[in-house]
Amino acid sequence: MNQAPIPTLPFGRKVSRWFGRNLIRIYAVFGFTYLFVPVIYTFAFSFNDAGKSNLTWRGFTFNNWKNPCGAPDVCSALGNSIKIGLLATFTATILGTLIAFALGRHRFRGRSATNLLIFLPMATPEVVLGASLLAMFLAFRINPGFWPTVIAHVMFCISFVVVTVKARIASLDPRLEQAAMDLYANERETFRRVTLPLVMPGIAGAALLAFSLSFDDFIITNFNSGTLVTFPKFVYVSAARGIPAQANVIGSSMFFLALFIVIAGQLVNRKKVR
Amino acid sequence: MATRASTFSGKKGRLPYLLLAPGLLWLFTFFVLPIINLAGTSTQTPVIGGDTGQYVQTFRFANYIDAFNASREQFARSFIYATLATLLALAISYPLAYAIAFRSGKYKNLLLVLVIAPFFTSFLLRTVAWKQILGESGFVVPTLRALHIIGPNTTLTASALAVVTGMTYNFLPFMTLPLYASLERIDPRTLEASNDLYANAFTTFRKVTFPLSMPGVVAGTLLTFIPAAGDYVNAAILGNPNTTMLGNVIDSRFFRIVDYPTAAALSFMLMAAILILVTLYIRKSGTDELV
């Protein structure tokens, strides 16, 4: 900030000044290193010639990547997670988007009660959400399994969808809709051809968020899935005996896939802006 | 608000209720009702002469006292670990968010993606990765031993330290993103004004930047503290029997001991404690409009 030019500085002070100015950047580099160490570790050990337990490095191989379903049960667990994730995302995105439109575009009685009902599931620890839902399923003699898990995932995803889509609706310029109305579009047309396309990126973002929350959820799933094994559950159960390297392959692939989707999304957005 | 209301004329018909109905019905059936049902379960007692897992409603509120006394340590640990993890996450995230908001130039979006990116690898895989990195066969322990920072018999896993580290790591993006959002919104002219008034960099930070970033600090600490207090996966994977948290107890009461009333009472106390703390915290930090 204080950039009074001093012509010659002793070397020691130059170094300390450089550190002073770049301290925050150096700190950021350490921060990112901390964030990425486990990710890099997971990726590196997906190439481990591990055999049964993937604890120590035993040599480089592509076999795990060539045969990601090689370890027993890993792909059925992945399949269950994807199925649950897609069903929960689809349902939660629709239900949450409808609520977001009601909150962002309409006036009605009971708005604060609605906001509270949206907020509370996010402020409740997962272990309580999972345990309470399971207790109710058991009370109604419903066995935990696939559908109870989907129901639970929809429940905790709705709030996040509402928050995301509502933020997008709030950031829209109301003049765009007014312009459409001025051009003799009726309410329905305005909604279909102006409002909805403008809100769409928000809905897409909410769907991605919902899927990643569902796909990664362990605690609530563990309570409500019974004997069904999802990918996080597979990792948790096999953590004691050593996780097969194929799980690292799947984890790394999800990482790159998600990264690709996010970057592609940003590029598409940038093109649209231009 | 006024212009928006006029666009859609602030209709007060049936439509908003039709939009709300399916989602709110879902939340009512699968969130509110289970919580009410849980309250009922928490005061039940075992059926005399019945099978394990059979309970009958006797409105025994002493269940709460029994449950609390049986897991006082875990209660304390949940809140201590969650507080430590929240403070650590704040200490790590604030400079990170600050760097992204003010010092990243054209790489801002890229860096933001990088903050979220570790989230794309399964949370459990990352926790297990920490266990192995900090474990005997990882690279951290041998390095620290070679440098004589830790003794030859000291281990890093299966400790409170590992649990808190894991929790800090897991919830870091929840802290960084709200902090970034509030820092990014700060008008640079306010910082220039502070500079013009002869405030040095530290005073500017203390009197201008930090107060303006308070909404982010509050949101970030809440988003970190709440899941951390209820977490039990880190304690299960990175801890030892002396680092169990309330979540571990609820889990084992439910599945291993089939003691639903105790699990229910503990869940309720956890939820109540979190809601009380959160309310006090929001009042104190003066950001009521947040919720």
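**Figure 1. The two domains of chain A in this predicted model.** Chain A is split by the domain assignment into domain 1 (10–71 + 248–274) and domain 2 (73–243). Domain 1 is written as two segments, 10–71 and 248–274. Measure from C-alpha centre to C-alpha centre and domain 1 of chain A sits 28 Å from domain 2 of chain A. Where the two touch, domain 1 of chain A puts in 10 residues and domain 2 of chain A puts in 10 residues. On the domain 1 side of that contact, the tally by class is 6 nonpolar, 3 polar and 1 charged.

**Figure 2. Chain A, helix after helix.** Count up the secondary structure of chain A and you get 11 helices and 0 strands. Why call chain A more spread out than a compact globule? Its radius of gyration is 25 Å, whereas the globule rule gives 19 Å for 274 residues; the value is well over the rule, so chain A is more spread out than a compact globule. The C-alpha trace of chain A covers about 75 × 65 × 35 Å along its principal axes. Of the 274 residues in chain A, 43% are buried. Take the contacts in chain A between residues at least 6 apart in sequence, and 78% of them link residues at least 24 apart.

**Figure 3. A close look at helix 10 of chain A.** This helix runs over residues 231–239 and is mostly covered, with 7 of its 9 residues buried. The buried ones in helix 10 of chain A are A:Phe231, A:Pro232, A:Lys233, A:Phe234, A:Val235, A:Tyr236 and A:Ser238. Keep A:Val235 in mind, as it turns up again in the next view, among the residues of the largest nonpolar core that touch the most other members.

**Figure 4. The largest nonpolar core, with 142 residues.** Which residues touch the most other members of this core? They are A:Ile99, A:Ala131, A:Cys157, A:Ile158, A:Ala210, A:Val235 and B:Ala97. Domain 1 (10–71 + 248–274) and domain 2 (73–243) of chain A each supply residues to the core, so it lies between them. Chain B shows up in that list with B:Ala97. Setting aside residues up to four places away in sequence, B:Ala97 touches B:Thr176, B:Leu179, B:Tyr180 and B:Leu183.

**Figure 5. Chain B on its own.** Here the secondary structure comes to 14 helices and 2 strands. With a radius of gyration of 24 Å, well over the 19 Å that the globule rule gives for 291 residues, chain B is more spread out than a compact globule. Its C-alpha atoms fill a box of roughly 80 × 75 × 35 Å along the principal axes. Buried residues account for 42% of the 291 residues in chain B. For contacts in chain B between residues at least 6 apart in sequence, 68% bring together residues at least 24 apart. On the confidence side, the average pLDDT of chain B is 85, and 94% of the residues score at least 70. Go easy on residues 1–10 of chain B, though: the pLDDT there is below 50, and the stretch has 8 contacts in the model beyond near neighbours in sequence.

**Figure 6. Where chain B meets chain A.** The contact draws on 74 residues from chain B and 70 residues from chain A. Which element gives the most to the chain B side? Helix 2 (residues 15–41) of chain B does, with 18 residues. By class, the side of chain B that touches chain A has 53 nonpolar, 15 polar and 6 charged residues. For the complex, the predictor reports an ipTM of 0.85 and a pTM of 0.86.

**Figure 7. B:Asn37, a residue of helix 2 of chain B.** Beyond neighbours within four places in sequence, B:Asn37 is in contact with A:Ser132, A:Ala135, A:Met136 and A:Ala139. Is B:Asn37 buried or partly exposed? There are 19 other C-beta atoms within 10 Å, so B:Asn37 counts as partly exposed; a buried residue needs 20 or more. From B:Asn37 to B:Ser285 is 34 Å, C-alpha to C-alpha, and the two are 248 residues apart in sequence.

**Figure 8. B:Asn234, a buried residue.** You'll find B:Asn234 in helix 12 (residues 233–238) of chain B. With 28 other C-beta atoms within 10 Å, B:Asn234 is buried. Apart from neighbours within four places in sequence, B:Asn234 is in contact with B:Thr127, B:Val163, B:Gly166, B:Met167 and B:Asn170. The C-alpha atoms of B:Asn234 and B:Thr127 are separated by 6.9 Å, with the two residues 107 apart along the chain.

Methods:
Residues numbered from 1 in each chain as written. Chains lettered and ligands numbered in written order. Predicted model: local features only at pLDDT ≥ 70, side-chain atom pairs only at ≥ 80, totals over all residues. Core = buried A, V, L, I, M, F, W, Y, C linked by C-beta atoms within 7 Å. Buried ≥ 20, exposed ≤ 12 C-beta atoms within 10 Å, placed from the backbone. Domains from an automatic or database assignment. Contact = placed C-beta atoms within 7 Å. Helix = DSSP H or I, 4+ residues; strand = E, 2+ residues; numbered from the N terminus. Rg over C-alpha atoms; globule rule 2.2 N^0.38 Å. Nonpolar A, V, L, I, M, F, W, Y, C, P; charged D, E, K, R; others polar. pLDDT = per-residue confidence, 0-100.
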